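Work through the exercises below with the sequence and the structure at hand. Each task is followed by a worked solution.

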Amino acid sequence: MTVPSHIYIIYGSTEGHSEKVAHTLHDKLPISSSRKSLLTLNDFILSECKDTEARLIFLISTTGDGEFPENAVLGWKRLREFSRNMSSKISQIEYRVCGFGDSNYRNFCHSSKCLYRLLQRVFVNQGDLTLIDDAIDDDTKISQWITSVVSWIKELEYNRRWNWITRFI
Ligand SMILES: Cc1cc2nc3c(=O)[nH]c(=O)nc-3n(C[C@H](O)[C@H](O)[C@H](O)COP(=O)(O)O)c2cc1C
């Protein structure tokens with residue numbers, strides 16, 4: 001059974017919408033602050049992530065004409081470079097992606113869709129993609145997504161504790 005060691009909440013945001021949701025999620029995650037980090041995609045360096053069982057949660061909006069926000073574009077390029085140079089897929093690490101966009105735009109949620117496709121090439125696990133559409137979704141969908149992520153982490157925490165206990169029986 002897998003054990004989560006560190007949880008990274010990674011966002012890319014222009015106007016602060018996905019950043020705000022990232023902060024809310026960070027506050028709600030039922031684990032000690034030493035085991036969770038909140039950072040921009042530009043500040044996230046996968047090759048330096050020594051935790052082989054990390055959980056990555058991406059919240060990425062789209063700007064311009066289907067582009068990554070400024071605080072995510074370098075991180076995106078770094079990940080793309082990483083995927084080109086890797087020899088085999090990474091197992092164990094699990095991830096979720098939440099894309100923020102507006103379907104009135106031609107390239108709806110383009111950046112989060114690109115990121116998700118890339119992560120599927122980098123990791124063995126298939127992950128999960130949720131899209132939030134400014135044009136039709138209200139806060140309910142965001143709350144539901146947060147609740148599902150919190151449940152996912154709680155389940156992993158439960159398994160972690162249970163594994164630890166069973167070592168002594
Ligand atoms: C200048 C501008 C360009 C945008 N371009 C796109 C786009 O190409 N595709 C899309 O799905 N949404 C687009 N959006 C919508 C944003 O992605 C959406 O409002 C999102 O919730 C913003 O989140 P953020 O504040 O975290 O950046 C654009 C918004 C603005 C203001």
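**Exercise 1.** List the residues that Asn42 touches, not counting residues up to four places away in sequence, and classify Asn42 as buried, exposed or partly exposed.

Solution. Asn42 touches Asn71, Ala72, Leu74 and Gly75, where contact means C-beta atoms, placed from the backbone, within 7 Å. Next, locate the residue: Asn42 lies in the loop between strand E2 (36–40) and E3. Helices (H or I, at least four residues) and strands (E, at least two) are DSSP runs, numbered from the N terminus. Then count neighbours: Asn42 is partly exposed because 19 other C-beta atoms lie within 10 Å. The cut-offs are 20 or more such atoms within 10 Å for buried, 12 or fewer for exposed, and partly exposed in between. Finally, Asn42 and Glu155 are 113 residues apart in sequence and 29 Å apart in space, C-alpha to C-alpha.

The model is predicted: local features need pLDDT of at least 70, side-chain atom pairs count only at pLDDT 80 or more, and totals for chains, interfaces and linings use all residues. Numbering starts from 1 along each chain as its sequence is written.

**Exercise 2.** Classify Arg80 in the same terms.

Solution. Arg80 is found in helix H2. Arg80 counts as partly exposed because it has 14 C-beta neighbours inside 10 Å. Its C-alpha is 9.4 Å from that of Val122, 42 residues apart in sequence.

**Exercise 3.** Which residues of H4 are buried, and what covers them?

Solution. Helix H4 spans residues 139–166, 28 residues in number. Its first and last C-alpha atoms are 40 Å apart, close to the 40 Å expected at 1.5 Å a residue, the expected span being 1.5 Å times one less than the number of residues. Ile142, Trp145, Val149 and Ile153 are buried in H4. An α-helix has 3.6 residues a turn, so residues three or four places apart point the same way. The cover of the buried residues includes strand E1 (7–12), helix H1 (17–28), strand E3 (55–61), strand E4 (94–101) and strand E5 (129–133).

**Exercise 4.** How many residues are in the largest nonpolar core, and which elements give two or more residues to it?

Solution. A nonpolar core is a set of buried Ala, Val, Leu, Ile, Met, Phe, Trp, Tyr and Cys residues joined through C-beta atoms within 7 Å. The largest one has 34 residues, and among those with the most contacts inside it are Ile57, Leu59 and Val97. E1, H1, E3, helix H2 (70–85), E4, helix H3 (110–122) and H4 each give two or more residues to this core.

Definitions and conventions. Two residues are in contact if their C-beta atoms, placed from the backbone, lie within 7 Å.
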